[in-house]
Amino acid sequence: MNNTPVFDYEDVQLIPNKGILKSRKDAETSVTLGPMTFKIPVVPANMETVIDEDLARLLASKQYFYVMHRFNPERRLGFVEQMKAEGLFTSISVGIKEEERDLILALQDRQLTPDYITIDVAHGHCDAVIEMIQFIKEKLPEAFVIAGNVGTPAGVRDLENAGADAVKVGIGPGKACITKLKTGFGTGGWQLAALRLCAKAASKPLIADGGIRYNGDIAKSIRFGATMVMIGSMLAGHQESPGNEIMIDGKPYKQYWGSASEKQKGAYRNVEGKQMLVPYRGSILDTYTEIQEDLQSSISYAGGKDLNGLKTVDYVIVKNSITNGDNY
C-alpha cells in the first residue's frame with residue numbers, strides 16, 4: 001500500500017463531462033441497498049446524538065435509510081416490533097459481546113427478522129466480528145448484514161467471505177473521532193484513498209463512514225466506490241436530532257459526541273472520541289432536500305443520468321487547495 005496515492009476529500013476535484021440532462025432536476029439520486037431502494041445514498045451515523053427512535057421512524061417513512069444505534073440495548077427488540085407494526089423497515093446495530101447473541105436469539109424466537117443488522121465495531125477486521133456475522137446469518141438468514149468498520153482491502157475480503165452483505169469503511173476519520181491521535185492508527189486524513197483501495201477488493205456494497213464535511217464529498221465517495229455514505233457531524237444539530245440544545249452568545253448549538261467518547265462510555269476508558277457542539281440547523285428534511293439537489297447537480301456535471309454517472313468521471317488531486325482562500 002506504500003506506493004498507493006494518498007489523498008482525502010479536500011484533495012480531490014472531479015472533472016466535468018458533457019451534460020445530457022435538460023434539467024438537473026431530472027437526475028436520479030436513488031440507490032438500492034439489499035432489499036430496498038432509498039431516495040439518496042446517505043445514512044445518518046448510528047450515534048446517540050445523530051439518530052434516535054423518532055428520527056428513525058421519520059426517515060423510514062420518507063424512504064431514507066437509517067441505522068439505529070446500539071446504546072439502548074434493552075429497547076432494540078421493542079423497536080423492531082414497533083417499526084414492523086407501523087409497516088416501516090427495521091435497521092438496528094449490534095456489538096460483539098455475548099449478550100448481543102441473546103438479542104439475535106430473541107429476535108429469532110419471535111420471528112422478528114430486522115431488514116438490516118449492522119455489526120458496529122471500531123476495529124471490525126477481527127475474529128469476533130467474523131464469528132458474529134456467521135452467527136447472525138445462521139439464526140436470521142434473511143437479514144441484510146452490514147459489518148465494520150475496516151480500512152483495508154483484506155478487511156473487506158474477510159468480512160465479505162464471512163457472509164457480510166455490505167462492509168463499512170472508515171477507521172476514525174470522523175469529526176468527533178480522535179482514534180488517529182490516541183492510537184496512531186486509522187484512515188483519518190486519507191479516508192477517500194482508503195475507500196478507493198477497499199472498492200477494488202469489494203464484490204458487495206461499501207458504506208463510506210466518516211470524514212464528510214461538504215455535500216460534494218458524497219459525490220466523491222460514490223466516485224471512489226461507495227454505495228451508501230454515512231454522515232455524522234453534518235447530520236447532527238437538527239431540530240429532530242437527539243442531544244441537548246445550548247445557547248452560547250445568543251446562538252443555538254446542539255451536543256454531538258463520538259461513540260467511543262467518555263460521554264458515551266460514562267467513564268474515561270479506551271476513549272477514542274470527543275464531545276463537541278454543532279450549530280443548530282433547523283429541520284433535517286430541509287438538509288436532505290439540499291443534499292439531493294446537490295447530488296443532482298453532481299450527476300449533471302458528471303454527464304450522467306443517475307448515480308452511476310459519478311462512478312467513472314476523471315479527477316485531479318490538488319492537495320488541500322479546494323478550500324484554500326475561501327472563508328468557510
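This passage describes the aromatic core, the first helix and a three-stranded sheet of a predicted model. Residues are numbered from 1 along each chain as its sequence is written, and side-chain values use heavy atoms, with hydrogens and water left out. In this predicted model, local features need pLDDT of at least 70 and side-chain atom pairs count only at pLDDT 80 or more, whereas totals for chains, interfaces and linings use all residues.

The largest nonpolar core (buried Ala, Val, Leu, Ile, Met, Phe, Trp, Tyr and Cys residues joined through side-chain atoms within 4.5 Å) has 91 residues. Phe 65, Tyr 66 and Ile 119 have the most contacts inside this core. A search of the whole structure finds 13 aromatic pairs (rings of Phe, Tyr and Trp, the last by its six-membered ring, with centres within 6.5 Å; planes under 30 degrees apart count as stacked, over 60 as edge-to-face and the rest as tilted). Phe 65 and Tyr 116 form an edge-to-face pair, at 4.9 Å centre to centre and 65 degrees between the planes. This pair links distant parts of the chain, 51 residues apart: Phe 65 lies in the loop between helix 1 and helix 2, and Tyr 116 in strand 6 (residues 116-120). Helices (H or I, at least four residues) and strands (E, at least two) are DSSP runs, numbered from the N terminus. Phe 65 is buried, with a relative accessible area of 0%, and Tyr 116 is buried at 0% relative accessibility (buried means under 20% relative accessible area, exposed over 50%, partly exposed in between; 1.4 Å probe, protein chains only). Both residues belong to one aromatic cluster with Phe 38, Tyr 66, Phe 79, Phe 89 and Phe 144.

In helix 1 (residues 53-61), the buried residues are Glu 53, Leu 55, Ala 56, Arg 57, Leu 59 and Ala 60. These pack against strand 4 (42-44), helix 2 (76-85) and helix 10 (284-302). Tyr 66 is in contact (heavy atoms within 4.5 Å) with residues including Ala 56, Leu 59 and Ala 60.

Strands 11, 12 and 13 form an open sheet in the order 11-12-13, with antiparallel pairing (two strands pair if DSSP finds at least two bridges between them). The edge strands are strand 11 (245-248) and strand 13 (275-279). Four bridges join strand 11 to strand 12, and Ile 248 has Lys 251 as its bridge partner in strand 12. Gln 255, in strand 12 (residues 251-257), is buried, with a relative accessible area of 10%.

Conventions:
Lists of a residue's contacts leave out its neighbours within four places in sequence.
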